[in-house]
Amino acid sequence: MSKITTELLLERAVPRSTRLRKIETLNLSKLQLKTGDLDPRLFSRLRHLQKLDLSDNLLDKFPNSLTLPDLRVLNCNNNQLEDVTALKQFPLLEELTYENNVYLTLNDDYKVMFLLENLRLLNGKDITKLANHVRHVNSRKLTSKVTAHWEKFFRDQLPEKYTAEQVKSIRKKFLKSVQTNVVYGPSSLSEFTRWRVKMIAEEFLSYSLGLELNSDTEPEEKADENEEESTEGPREAAEDVAQVGDFSSYINNVLSVTVTPSKRKRNHSKSGARNKRSKSQANTEEEAEDVSAEPLHFLQCHSKGNSREDFKTQLWSCVFEPVLDSGARKDPIVSSSRTVATCGGESVCLIDCETGTVLKKYKVATEEFFSVAWTTLTMVISDSRKKAHNILAAAGRRGIVKLIHVAADFCYGEIKAHKKPIATVCFSPTQETHLFTASYDKRIALWDIGIPDCDYNFKASQLLVLEAACIPLRIALVPTCPEQYLLAGCEDGCFAWNIKLDKGEKSRPFEAIFQFPDDESMTTSHRVDGLAFLNDDVVVSKSSKPGCIYLWSWSRSFDAKRKGCQRTVSAVILAELEWSTTDMSYLTLSTCPAKGYVFCGDEKGSVWMYNLSSYTTAWGSPKGKRSERRISPAQILQWPELRMNGEQPPEILVNNVVADPAFTYLVVLTSVNITAIWKKS
């Protein structure tokens with residue numbers, strides 16, 4: 001829990017206050033505060049704060065977005081500050097002290113003098129004249145030197161007609177050269193000089209020559225509230241919070257591409273054996289709706305450092321945001337907006353599928369996000385009124401779940417769920433605060449994330465731990481009994497657990513392992529890297545066995561009345577889908593239950609779409625027979641001819657592909673940091 005609460009702020013006000021907005025002077029000294037304790041949500045309510053004392057604490061940086069528009073006096077003595085550039089968020093600051101911060105140097109003094117135009121006193125000294133020299137004389141001298149350096153060494157290198165690649169190359173060389181060779185003032189200020197020279201050089205390229213190619217500007221950081229059920233020490237938690245960024249407005253890199261769409265329909269397979277289908281299957285397929293989809297947007301919004309050169313960041317998970325007023329748990333067709341959350345690398349993005357706009361971006365510099373999930377919580381707002389809000393959970397390599405209130409642009413907390421990476425997360429469809437996390441520690445945990453109050457205080461608790469024999473990769477709750485059974489595709493098989501909370505034990509082994517056909521026999525030993533329900537009973541699972549996607553019946557495979565744990569049961573196979581012959585793992589699948597569709601990408605950037613709506617009725621009967629031959633895709637969306645700066649992208653793997661419930665948009669996540677959005681035409 002954060003050390004700073006509303007009550008503490010009111011108590012430490014000088015004089016004491018009854019309203020945060022009335023506080024003008026605040027003393028938060030000697031509280032052992034760390035950066036993560038400075039809650040932007042609370043501080044944003046201190047609209048009239050003019051004097052703030054944060055001395056004698058443990059702060060190593062300032063979060064960017066404390067929103068103190070009237071702050072005039074700030075005391076940060078005796079902390080552990082390492083950087084001062086975040087202080088530019090207090091433009092009216094007149095008096096600043098940060099003595100006895102051992103990591104700060106004379107260079108930092110010059111930085112704050114340049115950034116804070118109203119600053120008069122720094123560490124008790126009048127710096128008015130020196131600050132004017134830094135802001136004006138120093139800047140003029142450096143600008144002159146930067147311009148001269150360009151004219152002498154780089155101007156002639158830029159041809160009259162230049163390509164984007166030539167601009168990038170010259171820009172990179174110029175910035176490196178100018179920071180190395182432009183010297184001004186004493187050597188003790190060399191760090192400040194390089195900082196200003198880079199700033200001036202970027203402005204020069206952008207405004208004087210129009211060569212603003214990619215400023216590598218990061219979305220501004222905010223500290224989130226350090227409120228969690230933690231399995232690690234407070235030091236680790238504070239170190240993490242210091243590097244956490246909150247959502248911010250974000251201009252995405254929209255790829256400049258040449259697109260030539262091509263589509264391959266039905267059974268245009270190169271394999272002769274796969275074309276030998278029965279007449280009844282062919283007729284059924286001809287009756288199926290032929291859905292046409294066209295490429296709409298190609299986005300590069302998960303780049304590390306916002307670099308347009310990043311084609312290595314892997315994108316892993318996406319999920320459409322539920323519509324708050326649609327009765328989302330009742331009608332799947334209207335349970336989603338056109339906004340989708342995507343994750344990969346160090347960031348989570350919110351994208352408007354229709355316009356291709358990246359609405360918001362959330363970043364954690366030390367994280368690699370693997371999974372995201374939505375839930376809708378009814379939260380108490382002002383005057384004790386209640387309102388539904390969408391909450392996004394994001395998790396990945398660090399084993400930590402971030403909880404984000406998207407409408408408020410605020411990461412309000414985290415849960416240190418596992419000590420190893422989290423492969424996937426999902427919320428219960430019936431208990432909105434229940435979150436499942438599946439980890440590389442071979443455990444699946446069930447958490448109650450609680451409901452935050454109006455100050456974002458919340459309490460998370462662990463309800464259950466499911467012990468797996470191997471790493472869980474995909475999880476799915478059984479639609480007919482989501483509070484009783486969970487299914488997981490794992491590195492070495494497909495397992496089921498009883499998750500009913502009225503049972504006594506909180507740590508449980510798996511109840512059943514499913515075996516599947518393997519050539520002439522049945523086996524339980526295979527990697528299941530794709531798993532989803534097509535309807536209340538039909539499970540779709542993908543094996544690492546080349547070209548193997550099975551559809552099978554949950555109710556006919558698993559007898560809930562049988563007692564005993566760790567029993568082996570045979571999956572009752574209903575059909576097998578024709579898919580790529582690759583043995584590449586972790587290219588996962590998804591379903592659109594309302595439309596009867598299954599989607600799976602391949603190793604060539606293509607999306608295989610299966611319309612199974614005409615099969616499900618027959619499969620639902622007690623005596624429904626297995627389809628004898630593999631079902632071919634209704635359509636294969638091939639990766640279009642896509643050129644970045646005149647070049648073809650590298651090998652493209654489709655890691656994930658997800659449609660909204662109404663199947664209006666199809667979002668494709670790739671191994672080359674490209675999010676492709678298709679729209680049904």
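**Entry 1. The loop after H1**

I began with Pro15, whose place is in the loop between helix H1 (6-12) and strand E1 (25-27). I looked up the peptide bond from Val14 to Pro15 and found that it is cis, with omega near -5°. I note here that the model I am reading is a predicted one.

**Entry 2. Ser65**

I went on to the loop between strand E2 (51-53) and strand E3 (73-75), where Ser65 is found. The phi of Ser65 is positive, at about 125°, although this residue is not a glycine.

**Entry 3. H3 against H4**

I turned next to helix packing. Two packed helices are described by the angle between their axes and by the distance between those axes. For helix H3 (residues 106-115) and H4, I recorded an angle of about 80° and axes 8 Å apart. Angles of 65 to 115 degrees count as roughly perpendicular, and H3 and H4 are therefore roughly perpendicular to each other. I then listed the residues that make the contact: H3 supplies Tyr110, Met113 and Phe114, while H4 supplies Leu130, Ala131, Val134, Arg135 and Ser139. Sorted by class, the contact of H3 with H4 holds six nonpolar residues, one polar and one charged.

**Entry 4. H4 against H5**

I repeated the search for helix H4 (residues 128-153) and helix H5 (residues 164-181), which pack at an angle of about 130° with their axes 10 Å apart. Are H4 and H5 oblique or perpendicular to each other? The angle of about 130° lies neither in the range of 65 to 115 degrees nor over 145, and H4 and H5 are therefore oblique to each other. I also noted that the crossing of H4 and H5 is right-handed. On the H4 side, the contact is made by Val146, His149 and Trp150; on the H5 side, by Ile170, Phe174, Ser177, Val178 and Asn181. I divided the residues of this contact of H4 with H5 into five nonpolar and three polar, with no charged residue.

**Entry 5. The sheet from E9 to E12**

I then examined an open sheet of four strands, in the order E9-E10-E11-E12, with antiparallel pairing. Its edge strands are strand E9 (315-320) and strand E12 (357-363), each of which pairs on one side only. On average, neighbouring strands of this sheet are turned by 20° against each other, direction ignored. Within the sheet, I followed strand E10 (residues 339-344) and strand E11 (residues 347-352), which pair in the antiparallel sense over six bridges. Which residue of E11 is the bridge partner of Gly344? I found that it is Ser347.

**Entry 6. Residues 415-449**

I consulted the UniProt record for this part of the chain. An unreviewed entry there places the feature "repeat: WD" at residues 415-449. Over residues 415-449, I found the chain to be 0% helix and 57% strand, and its end C-alpha atoms are 8 Å apart.

**Entry 7. The sheet from E27 to E31**

My last search concerned an open sheet of four strands with antiparallel pairing, whose order is E27-E28-E29-E31. Strand E27 (528-533) and strand E31 (572-577) form the edges, each pairing on one side only. I noted an average turn of 25° between neighbouring strands of this sheet, direction ignored. How many bridges join E27 to strand E28 (residues 538-543)? I recorded five, with the two strands running antiparallel. For Val528, the bridge partner in E28 is Ser543.

Technical notes: Residues numbered from 1 in each chain as written. Predicted model: local features only at pLDDT ≥ 70, side-chain atom pairs only at ≥ 80, totals over all residues. Heavy atoms only, no water. Axes fitted to C-alpha atoms, helices over the stretch in contact; angles between N-to-C directions. Parallel < 35°, antiparallel > 145°, perpendicular 65-115°, else oblique. Left-handed = near helix turned anticlockwise from the far one by under 90°. Contact = heavy atoms within 4.5 Å. Nonpolar A, V, L, I, M, F, W, Y, C, P; charged D, E, K, R; others polar. UniProt positions renumbered as here; feature names shortened; annotations may be inferred. Pairing = 2+ DSSP bridges.
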